[in-house]
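Colleague: I would like to learn how to read helix packing and cavities in a model like this one. Could you take me through it step by step?

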Amino acid sequence: MEAIQEVEMNSEEILEEEATTRERNKTKMNPIGFRPAPLEILDYVKINVEPETPVSTLRNCCMTSNSKLSFSKEELRKAEEQMRKAFVEFYQKLRLLKSYRFLNMLAFSKIMKKYDKITSRKASKSYSDMIEKSYLGSSDEVSKLTERVEVTFINHFVNGNRRKGMKVLRPQAKRETHRVTYFMGLFSGCSIALVAAIAVSIHARNLLEHKGRGQYMENIFPLYSLFGFIVLHMLMYAGNIYYWRHFRVNYPFIFGFKQGTELNYRQVLLLASGVSVLALAAGLFHLDMDMDPKKRSFETVTELIPLVLVFILLLITFCPLNIIYRSSRFFLIRCSWHCLCAPLYKVTLPDFFLADQLTSQVQAIRSLQFYVCYYVWGNFRTRSNKCQESSVYQILYIVVAIIPFWSRFIQCLRRLFEEKDSMQGLNSLKYLSTIVALVMRTLYDQKRGTFWRVMAASSSGITTVANTYWDIVIDWGLLQRNSRNHWLRDKLLVPHKIVYFVAIVLNIILRLVWMQLVLDFQELPFLHKKAMIAIVACLEILRRGMWNFFRLENEHLNNVGKYRASKSVPLPFNYDEDKSL
């Protein structure tokens, strides 16, 4: 964006250019033609290859670059896409500047009207005339520059199609339909009915005292708990969106969503209730088939129900058709891929925010591992498996759990390398300590013994204190002693201060769930071990949902304080101003 702004002409050049152009150029698409810059300017323009892909990152690390002016079609396409985004973002900045000018003019007009009303004088007209004749009121540089951007974009990026070009430059707000609300209510009602049906079925058949209860909880319950974790996280995200909008947190700008493609809370609830209906219906059907002696011949089909449900969700997620919010699905896939390939991609807020969400879904990731164990290594027809006793499985049980934390760790290292921010180094140490604590906890669970208990307790205690402090002080920006709101921060979006103190206490309590394993609180007499693990995992998801709101609130306030109203778009070139001078 800076390169575009540096080649803007000053006000006198624009006025002179407009006077000569209006007489020579009367066509519709080029009403404000301008004199092109001399070719010598190309001597100070250099191709700028940003390390945004794994290949370009590795090439950058090896200190090799493409010095020749020869590029593949893919590179040219990416360069064109970058220029396209830069023009759109620059156009949005111009529109914000025009709105700012209009807002100031309107504010002055209202102030003068109020002044006339209170003092019974008629001074507003003379002052208004003075303002209209001033540079603020009379300058049309922004309007002319806006028209030039429109003409350039329409001619070079949409083949002269003005309607299509203006649709890109000025995207319309997405309309909310009653259909979404209707199906959300329908699926929610069906989910409640299915939960009631499952509860009645369990009570009527006295399944809690059934001899196969232990086998069912060990083999089937972990398969269906995966969907419970996903639905709960989606519900928390829907709640986050509702309160972000209610308190005017600009989450589409923070996440970088294209205008008109972001999901509202009703659409997220629709997806959550849809997944809930599928999972609950499958669970009820599985339970009915399992308990009915007449359907024993379909035992293989019954055991494959959870696996079929996983494949259905994967097909919906990766479906290339423009259905079921394709842009949002592909955005999620792209961010997930960036997390897996970290640090080969430039770290952006959506990437590390998603990685933080995955750190709260460790049990869901382990459930996916259990799917492989149950359907590949075990004998699902007889509902038995011994893969959990394998040393390979136990090692993978640790590895898959540390993947999200490892992703955040190396993301912090890349940001430390690029931004030279020491806080990213401290953040990386925090995630490294979490990895150590997670490994120690898992080894204690597998091997037991005093040594492993001491190691797990000490590492978990240190990690709990560090993570809790980072959540409250760094991520939320709270506990500022000298702030206007004592022990909070200067600016708050939620009017009731008690909400922040309650959130701090809840975050501390839920962080202490880390200690539940080493203190042997996981086995209660009225709960199966698998059920207790699921409850602990759900508490962590609830804590993450609460963390999300205050984390983005703090990010939004930082953006407002630093006047960030637009994104900086990287260009495929840079302009050396010092050499040009």
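Modeller: Let us begin with one helix pair: Glu80, Met83, Arg84, Phe87, Val88, Phe90, Tyr91, Leu94, Leu97 and Lys98 in H4 meet Val142, Ser143, Leu145, Thr146, Val149, Glu150, Thr152, Phe153 and Phe157 in H7, where contact means heavy atoms within 4.5 Å, and helices are DSSP runs (H or I, at least four residues) numbered from the N terminus. By class, these contact residues are 12 nonpolar, three polar and four charged; Ala, Val, Leu, Ile, Met, Phe, Trp, Tyr, Cys and Pro count as nonpolar, Asp, Glu, Lys and Arg as charged, and the others, Gly among them, as polar. Please keep in mind that this is a predicted model, in which local features need pLDDT of at least 70 and side-chain atom pairs count only at pLDDT 80 or more, while totals for chains, interfaces and linings use all residues. Residues are numbered from 1 along each chain as its sequence is written, and side-chain values use heavy atoms, with hydrogens and water left out.

Colleague: At what angle do the axes of H4 and H7 cross?

Modeller: Two packed helices are described by the angle between their axes and the distance between the axes. The axes of H4 (residues 73-119) and H7 (residues 141-157) come within 10 Å and cross at roughly 155°, the axes being lines fitted to C-alpha atoms over the stretch in contact, with angles from 0 to 180 degrees between N-to-C directions. H4 is therefore roughly antiparallel to H7, a term for angles over 145 degrees.

Colleague: Which residues make the contact of H4 with H8?

Modeller: The axes of H4 and H8 (residues 162-169) come within 9 Å and cross at roughly 70°, so H4 is roughly perpendicular to H8, a label for 65 to 115 degrees. Arg84, Phe87, Val88, Tyr91, Gln92 and Arg95 of H4 make the contact with Met166, Val168 and Leu169 of H8. In the loop between H7 and H8 lies Asn159, which has a positive phi of about 55° although it is not a glycine.

Colleague: Which residues line the second largest cavity?

Modeller: A cavity is a set of points on a 1 Å grid over the protein atoms alone where a 1.4 Å probe fits but cannot get out, and lining residues have an atom within 4 Å of a point. The second largest cavity is lined by His338, Ala342, Pro343, Tyr345, Lys346, Val347, Asp351 and Gln411. Of these lining residues, Ala342 and Pro343 are joined by a cis peptide bond, with omega about 10°.

Terms used. Helices (H or I, at least four residues) and strands (E, at least two) are DSSP runs, numbered from the N terminus. Angles under 35 degrees count as roughly parallel, over 145 as roughly antiparallel, 65 to 115 as roughly perpendicular and the rest as oblique. On a 1 Å grid over the protein atoms alone, a cavity is a set of points where a 1.4 Å probe fits but cannot get out, and a pocket is an open set with protein on both sides within 12 Å along at least five of seven lines; lining residues have an atom within 4 Å of a point.
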